Amino acid sequence: MGAWDVSVFGNDDAADLMYEFDDANTVAQVVPVLEDALDAVLLSAPEVDASDGAAGLAAAALVVAWSEPEMLEDDGDYAPQPWPRTADPLPGQLRAKAANVLDRMKKAEGNELAELWAESGQAEEFVAEIARWSARFA
């Protein structure tokens, strides 16, 4: 796992996803990138692989940060800047998908990324990072 911290942006897979936003400045350009990453997690069965999980978590965080960009303050080095790229709202289904991704990824069962963090002794920190983002849906 190419990760440097437990933040949703602190890994190679999230960084790869962020490159896809380099020229994405409209909702029409951003939505497919976010939706593909979210769907990769939601459609994975029986296990979410670590790469899909990491990209899905980053996409879910970006959905949250669309209406709460201050959530990115701790992740400024890794998250796309500026964010959001437009004042136009994201489609409502993305918020529902993002919430579902965060719920799925905080569970260890069927989640390779959670297993890797558990092996590294940082499972508690990983779950806390997901909770930080999922709390925005409460």
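Modeller: A polar contact is a pair of N or O atoms within 3.5 Å, where within protein one must be able to donate a hydrogen and the other to accept it, and residues adjacent in sequence count only if both atoms are side-chain atoms. The model is predicted, so local features need pLDDT of at least 70 and side-chain atom pairs pLDDT 80 or more, while totals for chains, interfaces and linings use all residues. Residues are numbered from 1 along each chain, and side-chain values use heavy atoms, without hydrogens or water.

Biologist: Which residue caps the N-terminal end of H5?

Modeller: Helix H5 (a DSSP run of H or I, at least four residues) spans residues 112-119. A side-chain oxygen lies 3.1 Å from the backbone nitrogen of Leu113. The residue that carries this oxygen, and caps the helix, is Asn111.

Biologist: Within what arc do the buried residues of H5 fall?

Modeller: Leu113, Ala114 and Trp117 are buried (under 20% relative accessible area, 1.4 Å probe, protein chains only) in H5. They line one face of the helix, because seen down its axis (directions to the C-beta atoms) they fall within an arc of 100°.

Biologist: Which helices are included in what covers these residues of H5?

Modeller: The cover is made of contacts (heavy atoms within 4.5 Å) to the buried residues of H5. It includes helix H3 (50-67), helix H4 (92-105) and helix H6 (123-134).

Biologist: What phi does Gly121 take?

Modeller: Gly121 comes just after H5. Its phi is positive, at about 80°.

Biologist: Is Thr86 buried or exposed?

Modeller: Thr86 sits in the loop between H3 and H4. A polar atom of the Thr86 side chain lies 3.3 Å from the backbone nitrogen of Asp88. Beyond neighbours within four places in sequence, Thr86 is in contact with Asn25, Thr26, Val27 and Trp66. With a relative accessible area of 19%, Thr86 is buried.

Conventions. Buried < 20%, exposed > 50% of the residue type's maximum accessible area, 1.4 Å probe, protein only. Helix = DSSP H or I, 4+ residues; strand = E, 2+ residues; numbered from the N terminus.
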